Amino acid sequence: MYEEIYELPPNQDWGRRKYTAVRSTRWHQDKAEKGFKCQLCGAYVYTMPGIAGVQNRNHCPFCLWSRHVDYLKPGDRMSACKAVMQPIGLTVKEGRDKYSNNGKGELMLIHRCGDCSKLSLNRIAADDQADMLAGVYRASLALDEITINHLHLAKIHLLQANDESAVFLQLYGCYCQR
């Protein structure tokens with residue numbers, strides 16, 4: 001239904017082989033993008049923007065672990081690594097709007113690949129567990145110096161202890177220690 005058969009020209013070195021080309025790659029991508037099973041906790045994760053609140057989702061809302069699927073930009077799904085990525089901290093995405101609230105941007109998760117150590121930033125989704133995000137923030141306050149230097153070289157600003165009120169304000173709508 002979505003595939004067509006093509007014949008290669010007879011003057012090619014490999015002869016007259018038939019091959020299948022997918023005419024509608026978007027259909028296959030949409031089919032695969034309904035959800036996925038978390039590699040760590042096994043939960044089924046819906047990726048539909050109406051549920052997740054983000055366009056490109058590759059982390060679990062329950063355990064916050066991700067999978068290394070993006071290569072150059074969010075949503076490209078071109079990485080060959082496919083290993084699990086651990087949430088190691090939080091940062092903020094600085095907005096382009098010069099009228100934003102005192103330079104504080106949207107909270108972002110920092111993930112590190114378990115195989116290749118690539119760092120990536122992921123938007124917080126609408127259904128991510130706020131208590132789990134707070135736990136990642138607290139754990140990031142005790143990161144080792146090597147990881148902190150790796151983040152610094154990648155120009156990723158890890159949220160520190162003095163950012164606690166801003167983190168809890170975005171997670172819970174108020175500054176309340178949990």
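**Notes on the salt bridges, sheet and pocket**

1. Let me start with the charged cluster: Arg57, Asp127 and Asp128 are joined in a network of salt bridges. Bear in mind throughout that this is a predicted model. In total, the structure holds four salt bridges, and the ones I would look at are below.

2. Take arginine 57 with aspartate 127 to begin with. Their closest N and O atoms sit 2.6 Å apart, in a salt bridge. Arginine 57 comes from the loop between helix 2 (49-52) and strand 5 (66-67), while aspartate 127 comes from the loop between strand 8 (119-123) and helix 3 (130-140), so this contact ties together parts that are 70 residues apart in sequence.

3. The other contact in the network pairs arginine 57 with aspartate 128, a salt bridge with an N to O distance of 2.8 Å. Here too distant parts of the chain are linked: aspartate 128 is in the loop between strand 8 and helix 3, and arginine 57, in the loop between helix 2 and strand 5, is 71 residues away.

4. How buried or exposed are the members of this network? Arginine 57 counts as buried, because its relative accessibility is 2%, under the 20% cut-off. Aspartate 128 is buried as well, at 9% relative accessibility. Aspartate 127, on the other hand, counts as partly exposed, with a value of 25%.

5. Away from that network, have a look at aspartate 70 and arginine 77. These two form a salt bridge, with 2.7 Å between the closest N and O atoms. Aspartate 70 is buried, its relative accessible area being 13%, whereas arginine 77 is partly exposed at 22% relative accessibility. That 22% is over the 20% limit for a buried residue, which is why arginine 77 falls into the partly exposed class.

6. Arginine 77 deserves a second look for its backbone. Its phi is positive, about 55°, although the residue is not a glycine. As for where it is, arginine 77 belongs to the loop between strand 5 and strand 6 (84-93).

7. Which other non-glycine residue should be checked for a positive phi? Lysine 155, with a phi of about 60°. This lysine is in the loop between helix 4 (145-153) and helix 5 (164-172). Lysine 155 counts as exposed, since its relative accessibility of 76% is over the 50% cut-off.

8. Now the sheet. Four strands make up an open sheet, ordered 5-6-7-8, with antiparallel pairing. Strand 5 and strand 8 are at the edges with a single partner strand each, so one side of each has no neighbour in the sheet.

9. How many bridges hold strand 6 to the strands beside it? Two bridges connect strand 5 to strand 6, and eight bridges connect strand 6 to strand 7 (residues 106-113). Both pairs run antiparallel. Methionine 85 is a handy residue for tracing the register: in strand 6 it is the bridge partner of serine 66, and it also stands opposite cysteine 113 in strand 7.

10. Is strand 6 mostly buried or exposed? Seven of its 10 residues are buried, so strand 6 is largely enclosed by the rest of the structure.

11. The largest pocket has about 370 Å³ of space. Its lining is made of 22 residues, and those nearest the centre are Asp70, Lys73, Pro74, Leu121 and Asn122. Asp70 is the aspartate already met above, in the salt bridge with arginine 77. Among the elements, strand 6 and strand 8 each supply at least two lining residues, and strand 8 gives the most, with five. Strand 8 is also one of the edge strands of the sheet.

12. One surface feature to finish. Tyr44, Tyr46, Met48 and Ile51 make a nonpolar surface patch of about 370 Å². Of these, tyrosine 46 is found in strand 4 (residues 44-46). Tyrosine 46 is partly exposed, its relative accessible area being 43%. That value lies between the 20% and 50% cut-offs, which is why tyrosine 46 is classed as partly exposed.

Definitions and conventions. Residues numbered from 1 in each chain as written. Predicted model: local features only at pLDDT ≥ 70, side-chain atom pairs only at ≥ 80, totals over all residues. Heavy atoms only, no water. Salt bridge = Lys/Arg side-chain N within 4 Å of Asp/Glu carboxyl O. Buried < 20%, exposed > 50% of the residue type's maximum accessible area, 1.4 Å probe, protein only. Pairing = 2+ DSSP bridges. Patch = residues over 30% accessible without salt bridge, like charges linked within 9 Å, V, L, I, M, F, W, Y side chains within 5 Å. Areas by Shrake-Rupley, 256 points an atom, 1.4 Å probe, with all protein chains shown as cover. 1 Å grid on protein atoms, 1.4 Å probe; cavity = no way out; pocket = protein on both sides within 12 Å on 5 of 7 lines; lining within 4 Å. Points joined across faces, edges and corners; volume = space filled by probe spheres on them.
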